[in-house]
Amino acid sequence: MGAERKWLLTLFSAAFLSLIILLFSSISAFSFSKPFPSIVQVGSHYPPAFAYYIWGGRGDCDRIFRLLLAVYHPRNRYLLHLTVEVSEEERRRLSGLVKSVASIRAFGNVDVLGKPDRLTYMGSTNIATTLRAAAILLRLDSGWNWFITLTAMDYPLLTQDDLSHVFSSVRRDLNFIDHTSDLGWKELQRFQPIVVDPAIYLARRSQIFHATEKRKTPDAFKAFTGSPWVTLSRSFLEFCILGWDNLPRTMLMYFTNVILSQEGYFHSVICNSPEFKNTTVNNDLRYMIWDSPPRMEPHFLNVSDFDQMVQSGAAFARQFAKDDPVLNLIDEKILKRGLNRPSPGAWCSGRRSWWMDPCSQWGDVNIMKPGPQAKKFEESITNLLDDWTSQSNQCK
């Protein structure tokens with residue numbers, strides 16, 4: 001009798017263990033290996049999609065991954081770039097972090113640049129890497145509508161559902177680019193000096209150097225300057241990279257020898273192009289606090305700036321120190337994002353809990369559910385478009 005009871009107990013234990021394994025296998029398969037039930041739909045009848053180019057340098061792996069999760073949506077496309085001075089170990093770590101996210105594995109819409117570029121912030125290699133990123137994203141994906149540049153020191157002030165919802169009512173050929181033809185002090189200090197970026201031809205790290213002579217301000221075209229942070233339409237980038245007009249290439253040759261060419265290249269190309277000069281909305285959609293006169297970079301933002309950031313109606317803010325507490329506040333109050341999880345949107349169908357990522361399960365990725373921050377952003381965009389319609393803010 002004792003042996004029979006022991007045999008039954010062993011059989012029950014084995015059956016119970018098999019049931020537990022089967023149950024967890026089913027949960028795992030449902031949560032992480034389930035084929036997505038909806039296909040990303042693109043076109044004028046669907047919400048717009050965005051192509052993000054996000055870059056950083058040595059030690060920025062975790063910051064870039066956090067920023068990626070903060071702006072992630074299955075409808076968008078992402079290219080991540082750790083510059084050439086970053087170790088291969090850090091680059092592999094970033095790739096591993098990206099692959100650890102179930103939705104990113106399923107939708108396959110995030111790429112890490114495998115052959116990194118050498119980048120000199122003050123030199124022309126900065127604009128060269130941005131053009132390369134745009135070319136890659138154009139080739140990888142035919143469905144995105146706007147190209148957005150971010151660095152590891154940036155962070156969003158709204159969800160991707162908010163952004164896509166508001167941009168659904170925006171003409172898809174418009175370009176959000178802060179610009180002016182009033183060069184002011186930049187004419188003497190930025191446009192007339194001739195500089196060379198050694199990163200174009202040297203393998204080792206080096207700073208730009210100045211020629212002894214200066215050159216006249218261009219008169220064959222009108223020079224423009226402005227913020228290096230841009231949101232550009234697909235059609236304009238195709239004009240810059242694939243277009244038959246020689247204007248973008250002529251401008252590129254000129255700006256190769258301009259200090260901080262990223263503050264003038266796109267601005268001058270678009271405002272000298274008859275086809276695109278009337279598509280410029282004069283704003284970079286960023287919240288920043290500058291000195292007066294401005295220095296090279298804006299102030300670092302912190303918790304004391306949070307309320308002002310929220311009320312600004314901007315889409316993004318810069319610059320933030322690594323792991324500053326204000327980022328946690330943005331995650332909690334605006335993005336509703338958990339640690340190492342994508343910002344949830346209408347596409348996430350999983351239950352929110354401490355142990356489960358709601359975005360490890362998903363439904364229709366083509367629907368948007370805007371939150372409270374969308375209203376602020378919509379007011380900001382409406383005001384900008386009113387200025388654009390009056391033509392008071394275009395290429396002047």
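These are my notebook entries on the cysteines, the aromatic rings and the confidence of this structure.

**Entry 1. Confidence**

I noted that the model is predicted. I looked up the average pLDDT of the protein and found 87, with 89% of the residues scoring at least 70. I then examined residues 1–37, where pLDDT stays under 50. For this stretch the model has 15 contacts beyond four places in sequence. I keep in mind that predicted coordinates should not be read in detail where pLDDT is low.

**Entry 2. Disulfides**

I asked how many disulfides the count comes to. I found two disulfides.

I took up Cys271 and Cys395, whose sulfur atoms are 2.1 Å apart. I located Cys271 in helix 10 (residues 265–271) and Cys395 in the segment after helix 13 (372–389). This pair is 124 residues apart and links distant parts of the chain. I checked the torsion about the S-S bond of Cys271 and Cys395; it is about -80 degrees, so the disulfide is left-handed. I recorded both Cys271 and Cys395 as buried.

I turned to Cys348 and Cys359, which are joined by a disulfide with an S to S distance of 2.0 Å. I placed both Cys348 and Cys359 in the loop between helix 12 (325–335) and helix 13, 11 residues apart. The torsion about the S-S bond of Cys348 and Cys359 is about 85 degrees, and therefore I entered this disulfide as right-handed. I recorded both Cys348 and Cys359 as buried.

I numbered the bonded cysteines of the protein in sequence order and read the pairing as 1-4, 2-3.

**Entry 3. Two further cysteines**

I asked why Cys61 and Cys240 count as buried. Cys61 counts as buried because its relative accessible area is 2%, which is under 20%. Cys240 is also buried, because its relative accessibility is 6%, under the same 20% limit.

**Entry 4. Aromatic rings**

I searched the whole structure for aromatic pairs and found 20. I examined one of them, Phe236 with Phe276, and entered this pair as edge-to-face. The ring centres of Phe236 and Phe276 are 5.4 Å apart, with 65 degrees between the planes. I found Phe236 in helix 8 (residues 234–241) and Phe276 in the loop between helix 10 and strand 10 (280–281), 40 residues apart. I recorded both Phe236 and Phe276 as buried.

I then asked which residues form one aromatic cluster with Phe236 and Phe276. I listed Phe191, Phe221, Phe239, Tyr254, Phe255, Tyr265 and Phe266.

**Entry 5. A charge over a ring**

I looked up Arg234 and found its charged end over the ring of Trp144, 4.6 Å from the ring centre.

Key: Residues are numbered from 1 along each chain as its sequence is written. This is a predicted model: local features need pLDDT of at least 70, side-chain atom pairs count only at pLDDT 80 or more; totals for chains, interfaces and linings use all residues. Side-chain values use heavy atoms; hydrogens and water are left out. A disulfide is a pair of cysteine sulfur atoms within 2.5 Å. Helices (H or I, at least four residues) and strands (E, at least two) are DSSP runs, numbered from the N terminus. Buried means under 20% relative accessible area, exposed over 50%, partly exposed in between (1.4 Å probe, protein chains only). pLDDT is the predictor's confidence in each residue, from 0 to 100. Contact means heavy atoms within 4.5 Å. Rings of Phe, Tyr and Trp (its six-membered ring) pair if their centres lie within 6.5 Å; planes under 30 degrees apart count as stacked, over 60 as edge-to-face and the rest as tilted. A charge sits over a ring if NZ of Lys or CZ of Arg is within 6 Å of the ring centre and within 35 degrees of the ring normal.
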